[in-house]
Structures are given as C-alpha cells and as structure tokens.
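Visitor: Got a minute to walk me through this one? I'd like to start with the cavity and then move on to the sheets.

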Amino acid sequence: MKVKRLGIGVFIFFLLGYSVATDCTIPLGDFTVGGRTLYVGGDGPNNYSRIQDAIDDAMDGDTIFVYSGVYYENINISSKTLIIKGEDRETTIIDGNHDWNTISMEYASNTEISGFTIRNSKLRGENAGIYMKNSNHCKIHDCKIILSSHGMIVLQSSHNEISDCVFSNNQRHNLLITVSSNYNKVKNCTFSNAGWTALYLYDSDSNTIENCVAENCEAGFIVGWECNDITIKNCSSSNNYYNGIFVYHGKNVEIKNCHVYQNGDGIRIRYGSSNVKVENCTMENNAFGMQILQQSSNIEVHFNNIMNLSLIHI
C-alpha cells in the first residue's frame, strides 16, 4: 500500500505543476523532469568548487546555482537540459582566461543560463563568450557578455531566446546569428563598443530583434546575406561609425518604430534586397538618413521622420 500511495502522490504533484527536491528523474518521452539543485561555491558541505564538475554530474532537468565569485573555467554544456543560475550577474563571473570559448553549448536543448558576467574568451578566431551550436529552445537571460573575441555566436541553432543581456567591448561581433539559425528572438538587450557590429544576422530566417540598443560600434544592426522574414522593432541605433541599420540581400524585412541617429548612415538597403518595409522610424543627425541602392526592389517607406540634415539617397 505504501508503494501505491507514493505513485499516486507523484502523479498528482506532476499534474498540479509542483516540483519536489529529489534525486530521481521522471522520463517523459524526449523530455525529462528532474528535481535536484546542485550548488557551486559558497560554504555548503557538499558544494562544488567548479561549475563544470556540477554540469558533468547533473542530470536533465537539474538546476545548478552558482554563488558569487570568479570562476576561471571554459565550460562545456553538451546534450543536456539544465538551468544554470548565477547569484548576481555583477559578481558571479565566468572567466575563460583567454582560452577557447568561455561557454560552449552544443546539442543543448531547453537549457537556461542567467545571472552571470561571461568574459575573456580566446581573442582570435571564431571563439566567443558563448558559442552555441546545434542547440534549440535555450534561453540566455540577464547576463553580461564582455571582453571576448565575439560576444556570442549562434550557429545552426533555432527557437532560442536572448533577453535582458548586456554585450560590450567584444573584439568582433557582439552577437552573431548565422547559418540556418531560425526563429530566434533577441529582446531587451544592449550592444555597445564592438570592434565590428552590434548584431549581425547571416543566412538565417524568421528572427526577431525587439527593444534593443546598438551604440558605439563599427555598425549597428545588420541583416545580411540570405536572411528572410526578419523583424527589427522598437530598437535604437546610435553613434555607430558606418550604419545604424543595414540590410543587404535580405528579403521580407520589417523595420518598425526604431530611432536611428548620429550614425554614418541611418538605414541602408542595398545589394538586391526586396520586400523591405520601414515604418514609423525616426532618423536624425545621420550623414544619410536612408539609402536604397543596387537593385533593391519593393521597398516601402511609411510614416517616418527624417530630420536634421539627414539626406535620402535612392
């Protein structure tokens, strides 16, 4: 009878959405519910001293809580579903010590990372503060990603969300979303002081950039080669050396409710881009408010304000 009552209790808890701290997991098809919390740092008797050791011991569905401190590690998250939380993003720091990617995520699914400063990847090649490849339905939230080659690379990864993050002082792209990385959402992020671009989309479809700021980079938001069905809305792009927003060879792109100011060019559309709509944007104090060039077609421009000697070049 005891076994029977336990089984019913677990079933009811699952239906009601409650979680129980336990060392067991309940497999549900391709998704597994786990109940453990593993601790890194702090002074608990069984706490880990390294984040990677906790990841290696974790099972799908586990939470890893990391206390404030500086952790000199190159972390690898592969083929797992985890929640990894820092105590405070200003004081919980993962430092890659200029050796490879600070965090690598490959074949991760439904993994969430939040509450960290992530810094000091290797400063050459395609290394990054966060390198995400073949990973889907993951969330990066409330992180600072700084002082790396690229801030973050998203490669062949879809249905991910990057929100409430600060990207700054990275040598190349602050955020690169590239090669069949589709249906990703970037929202409420700030991108500044990149050696190359604030955010670069390349060969990827159906991505949304919302409520983001790009400033003091070589270029702001770029929608690059073979990108389709892209939305940039409620964003600000300012004080970038070249372009505030640049669309080249993009199709079905919507730029809406954006403030683009004090850039080399405000909004530039060229190289055969088509079906681009620019609506309810303000462009001011740019060398050119807007440029539409080189065989671009079906460009719609509605209800925009172009001010303070910003010119239009078609």
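Guide: Sure, residue classes come up early: Ala, Val, Leu, Ile, Met, Phe, Trp, Tyr, Cys and Pro count as nonpolar, Asp, Glu, Lys and Arg as charged, and the others, Gly among them, as polar. This is a predicted model, where local features need pLDDT of at least 70, side-chain atom pairs count only at pLDDT 80 or more, and totals for chains, interfaces and linings use all residues. Residues are numbered from 1 along each chain as its sequence is written, and side-chain values use heavy atoms, with hydrogens and water left out.

Visitor: Which classes line the largest cavity?

Guide: The lining has 9 nonpolar, no polar and no charged residues. They are Ile51, Ile55, Ile75, Ile77, Ile84, Ile94, Ile103, Ile113 and Phe116. Helix H2 (51-57) and strand S6 (75-78) each give two or more residues to that lining. Helices (H or I, at least four residues) and strands (E, at least two) are DSSP runs, numbered from the N terminus.

Visitor: What counts as a cavity, and how much space lies in the largest?

Guide: On a 1 Å grid over the protein atoms alone, a cavity is a set of points where a 1.4 Å probe fits but cannot get out; lining residues have an atom within 4 Å of a point. Grid points are joined across faces, edges and corners, and the volume is the space filled by probe spheres set on them. The largest cavity holds about 40 Å³. The count is 1 cavity of 30 Å³ or more.

Visitor: Sheets next. What is the order in the one with 12 strands?

Guide: S3-S4-S7-S10-S13-S16-S19-S22-S25-S28-S31-S34, open, with parallel pairing. Two strands pair if DSSP finds at least two bridges between them. Strand S3 (37-40) and strand S34 (297-302) are the edges. Strands S28 (251-256) and S31 (274-279) share 5 bridges, and Val253 has Val276 as its bridge partner there.

Visitor: And the sheet of 11 strands: why is one side of S5 and S35 left without a neighbour?

Guide: Strand S5 (69-72) and strand S35 (305-307) stand at the edges with a single partner strand each, so one side of each has no neighbour in the sheet. Within this open, parallel sheet, S29 (259-261) and S32 (282-284) pair over 3 bridges. His259 stands opposite Thr282.

Visitor: Where is confidence lowest?

Guide: In helix H1 (residues 2-16), with a mean pLDDT of 31. pLDDT is the predictor's confidence in each residue, from 0 to 100. It stays under 50 over residues 1-33. Where pLDDT is low, the predicted coordinates should not be read in detail. The chain averages 89, and 87% of the residues score at least 70.

Key. Contact = heavy atoms within 4.5 Å. 1 Å grid on protein atoms, 1.4 Å probe; cavity = no way out; pocket = protein on both sides within 12 Å on 5 of 7 lines; lining within 4 Å.
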